[in-house]
Amino acid sequence: MKARILVVDDDEALAEMIGIVLRNDGFEPVFCADGGQALDVFRASKPDLVLLDLMLPGMDGIEVCRQVRAESDVPIVMLTAKSDTSDVVRGLESGADDYVPKPFKPAELVARVRARLRPGDQKAPETLRIADVTIDVAGHLVSRGNDRISLTPLEFDLLVALARKPWQVFTRELLLEQVWGYRHAADTRLVNVHVQRLRSKIERDPEAPEVVLTVRGVGYKAGS
Amino acid sequence: MVSAIKQVPEPADRGVRQAIATDTTQAIATDTAPDRPDTVPDMTPDRAPAESSAASTAKSTAEPSAPRGPGKPPAGGGPGLWRGYAFRTRLWAKRARIVGVRVARLVRTGMQRLLPGIRYLLRAVHRKWRRSLQFRTVLTTLLLAIGSFAVVGAYLSNQIANNLFQERLAQAESETRYNVKQVQDTFDGAQVTDQSSVITLVYDTLNAVEGRGSVIQRRYVFEAMPEQTKPRNRWVESRASDQLTIGVIPPELRKAVQDSGKDQYWASTQFPVGTEDRPGIAVGNKVTFNGTVYELYLIYDLNTAQKTLDEIQNVLLAGGALLVLMIGGVAWYVTRNVVSPVSHAAVVSEKLAAGQLQERMVVKGEDEVARLGASFNHMAASLQEQITQLATLSQMQQRFVSDVSHELRTPLTTVRMAAEVLYDARGDFDPINKRSAELLYNQVERFQSLLADLLEISRFDAGAATLDAEPTDIVQLVAHVIEGVAPVAAEYGSAVTLNAPAGSVVVDMDDRRIDRILRNLILNALEHGEGRPVNVSVAASDTAVAVAVRDHGIGMAPAEAARVFDRFWRADPARARTTGGSGLGLSIAAEDTKLHDGWLQAWGSKGHGSNFLLTLPLRRDEPITKSPLQLEPVNVGLPVAGSQRTVVLLDPPRTGEAPASASGARGTMADGFTEDFAEDFTGDFTGDGGSGAVGGATAEGGSAGHRETGMEGRA
C-alpha cells in the first residue's frame, strides 16, 4: 500500500515538483495550497505524513502544525525557507518531528520522509524502565504508576533508544542517526528541542530531570 | 617656618640646659649638649673683647658692622639673636623629631590596617590629579599660596620679632647702665664699719635694683669675681634674686665681663620664674665694693614681648590660613566656571561617541564657551543626520538582501529538484542534453551554496545572528569535520592530520557555527595546499582553546593574509575556482568567530603555506587574553618541494625529552626539520607529497603516538 503524504505548500510549482518526486518514489501525494484549509484536507485524506511549509497564506504553518498535532500523532516534516534558529525551534516546538531547509535535494526529502514513515522495528514484547517510568515497547505505551503518558512516535523512539542502553551516553549525533535516521551530521537542535518536549511530558519537574539526563559536553543518557 | 615664628632669642648655654633639665623634656636637654661646641665660636663673648674697645670709645656711632644692634655699643646683639634662633630651631627640631618618631610608630602600627585605605586614597588623589583639570588647578593654586604665605609670614614675623627684641634690648642696656652706676655710687659712698650694716646696705641696694612696686622690673645676680688679686671682702657674699643662681648667666657672658674692664655686655638667657622658664636678656657689668670686684648681672624679662610676638604670629597664621582657604575657594570657583563647560562638552561627546546621538550641549550666553557649545551641537546634529541616514540605508539594504534570498529559495528548490530529476535521468538523453543536464545540476548546486552564504552574511549584517552555545567537546567536533572532508582531501591527495594532545576540550560554543568555521578553514587549506598535508592542531589553556589549520601550499603574502577575511576576496583572481567556493566562506567564519568573542587570525608566507588560527574562550564570560597556540609557525623557512626530508615521528616515550631535543635541533639538524615541527603538526609530513607516501607516513604517525589521531591518513 502506498503511503499517503499531504503536501501543504502555497507555491504551486514546488508542490508539483515535490509531487513528481514523491510519486517517483512510490508515495501518494495529496496537495493543499492554503493554511486555512489544511486541517480539513488533513481530516479528509488521513495522510501517513505531512509535509508542511512554514510560510502559508491563510494560516501560519506553525499554527497548522499545532492543530494537526493536537488531534493526531502523524509525523510532520516542515519545509522551511528560513533556517534561522528561532524559526526552526518554533516549528519543532509546535509539534513538528523534523524539518528540511529549502532548497533541498529530492533524495534528501525522500530520505526524511522515509525515515519518519519507518514502520518501526518488529517490536518484540519488551518492557523497559527508566527511573519510575515504564515503557511497553510493543504496545507503544509509556506510564508512570497507573498514569499513562502520551508521546508522539518520535518522542517514543527517542525514549526507547535511551532506555535500551541505560549505561550509554548518547551524543546528539548518535541520537540523530538512531532516532531520526540521519546518516550524516545534521542539525543537533532537533535533538535539543525534542528532548525538551519529551521532558515536559515525562519528567515530574522538567527543570530537574530524572528520566532523561544531560551529560555536560557530551549528550544525554537515561536516568537510573 | 618654625624658627621664623618662634624667634624670640634664647640662649644656648648651660643655664638653659639646667632650666630645661628641670622641664619634662629631659631628653632634649641632654641631646643639646653635644651640639654646643658648634655654637660656641659664634657666641657673643668671644667676639666681644675685640669689638668692645672700639665700641666703648666710639659709643653709639660704630655700628655699621653690627646691623642688628643699631643703638648700642656692646657687641653680640646680632649673634645673640642668631643663637636664639638656632637654639629654638634645634629645640623644635628635637621636639618635632620625637613627635615624628611617635607618629611614625603609630602610623606604622596603623599602617597594616590602614594601608589599603591609604593606597586607595592616594590612588584616588592621583587619579583625580590626572583626570580633573579643576582639581589640579585648585591644588596647585593652594600649594603656591601656602608657599607664598610661608615666605611672607616668615619675613614679617622675623621683622616684628627683631624690632621687639631690639627695643627691649636698648631699654635693658640703658636701664642697666643707670642701675649699675647707682649701685656703684652707693657702694663707693658706703661707710665700711661693721659686717651687718655693710650686708644690709649691699642687699638693700641690690633689692632696690629690682624696682619699686609689686612688679619686678629686673632681676639681678651678684657674684664675686672668682680670682681676686686683693683679699676678698668676706662680709659680702654672692647674692641673686629669688630662684636665680649664677647658673642662669651664660658662661661666655661671664667670661666677657670678667675679662674686660668696666664694659657692659649682654646675652640672651632663660631663667626660672615659678614653675616656668622665661626668655630674658642678661646684661652684665662689674661693680667694686671696698676693693673687691663683683660681677653684677641684671636680667630683664622678655615674656611680654614673647607673648606679643606669639599673638602676632597667631594672627598672621590664622589670617594666612583664612586667606589660603579663600584663595582656594576663588580658584575653585574660577576654574569651575571655565572647566565645567569643557567637562560638560567632554561628557556629551563621550555619550555621542557611545551612540547616543541625540545628546547636545547646553548653550548659554555668547562667550567663547557658548560658541564652542553651538558649534559642537551643530557638528553633533550633522553627524546624527549622516549616521541615521547611513543606518537606514544599510538596514534597507540588509532587509532587501534577506528578502531576496528568501524569495529566491522556493523557486530555487523547484529548479534544483527538477535539475536533479533530469540529472538522474541523463543516461536516457543524447550527449548534448546529457551534458546540459550535468551543467544545470552543477551550477544550480553552486548557485544554491552562494545563496546560502549570502543569506548567512546578510543575517550577520542585520544583527540577526544569535549564538546557540552549549558545552561541547571541540576535539570531537574537529575529528568529525576532518572525517567529513575526507572525500575532498582524497581528491586533492592531501592528508589531513589532527594533533590534539589535550584529548578532549569542552568549550561553550555553538557547534553548528564552529563546525562551519572549521570546515571552511580545512577546505580552504586543502584547496590551497597543493596536495601537501594539512595539519590541524588543537591546544587549550585554562581559559581558551585554539585550533590551528596549517597547510604547506602556495601560501600568501602578509598583505594578502590581512585581506583574507574580506568578502569575495581572492588571493589570485586568475586562479581557477576549483571548489566553487562562494568567496564568502572565510568572511562567514570570521563573523561566526566574532559571535563567539573569539579570534580568527591568518598567517601566510609565499611558498611556505599558511596558517589559520581559531581561538575561542572556554567559557562565554571569560575573554581571551592569549591564544594557546602561536599564529606564526616555528618552522617557516622549510625547504619546500623537491628536497629530501625526514619524517620525524613523535612517539609517547620521547615526548618528555622533546622540548630539549627540539631546542637543540633547531640550529643543528641539517635538513632544518626539527621536532618542533613534529610536535606542532603531528609529525607526519613527507616532502614528496605523493598521496601513497603521505598516507603511509600518516598511518605510521597515528599508530606511533597520538591519542587523537584517528582521523589521519585518509588520503
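**An exposed alanine, a five-stranded sheet and the contact between chains A and B**

B:Ala562 is classed as exposed because 12 other C-beta atoms lie within 10 Å of its own, and a count of 12 or fewer is the criterion for that class. In this predicted model, B:Ala562 belongs to helix H16 of chain B, which covers residues 558–563. A residue distant in sequence is found at short range in space: the C-alpha atoms of B:Ala562 and B:Ala602 are separated by 7.2 Å, although these positions lie 40 residues apart along the chain when counted as their separation in sequence.

Chain B also contains an open sheet of 5 strands, arranged in the order E7-E9-E10-E12-E11 and with mixed pairing. Strand E7 (496–499) and strand E11 (599–605) of chain B occupy the edges, and because each has a single partner strand, one side of each remains without a neighbour in the sheet. Averaged over the sheet and with direction ignored, neighbouring strands are turned by 15° against each other. Strands of a sheet pair through backbone hydrogen bonds, in either a parallel or an antiparallel sense. For E7(B) and strand E9 of chain B (residues 534–540), the pairing is parallel and extends over 4 bridges, with B:Val496 standing opposite B:Val534 of E9(B). Helix H13 of chain B, comprising residues 474–484, packs on this sheet and touches E7, E9 and strand E10 (544–551) of chain B, its direction making about 170° with that of E9(B).

The contact between the two chains takes 21 residues from chain A and 23 residues from chain B. On the side of chain A that touches chain B, the largest share, 5 residues, is provided by helix H1 of chain A, residues 12–24. The residues of this side of chain A divide into 11 nonpolar, 3 polar and 7 charged.

As to confidence, the model scores ipTM 0.75 and pTM 0.47. Chain B averages a pLDDT of 74, and 73% of its residues score at least 70. Over residues 1–78 of chain B, however, pLDDT stays under 50, and the model has 161 contacts beyond four places in sequence for this segment. Residues 637–715 of chain B likewise stay under 50 in pLDDT, with 132 contacts beyond four places in sequence. Where pLDDT is low, the predicted coordinates should not be read in detail.

Methods:
Residues are numbered from 1 along each chain as its sequence is written. Chains are lettered from A and ligands numbered from 1 in the order in which they are written. This is a predicted model: local features need pLDDT of at least 70, side-chain atom pairs count only at pLDDT 80 or more; totals for chains, interfaces and linings use all residues. Two strands pair if DSSP finds at least two bridges between them. Helices (H or I, at least four residues) and strands (E, at least two) are DSSP runs, numbered from the N terminus. Axes are lines fitted to C-alpha atoms, for helices over the stretch in contact, and angles run from 0 to 180 degrees between N-to-C directions. Two residues are in contact if their C-beta atoms, placed from the backbone, lie within 7 Å. pLDDT is the predictor's confidence in each residue, from 0 to 100. Ala, Val, Leu, Ile, Met, Phe, Trp, Tyr, Cys and Pro count as nonpolar, Asp, Glu, Lys and Arg as charged, and the others, Gly among them, as polar. A residue is buried if 20 or more other C-beta atoms lie within 10 Å of its own, exposed if 12 or fewer, and partly exposed in between; C-beta atoms are placed from the backbone.
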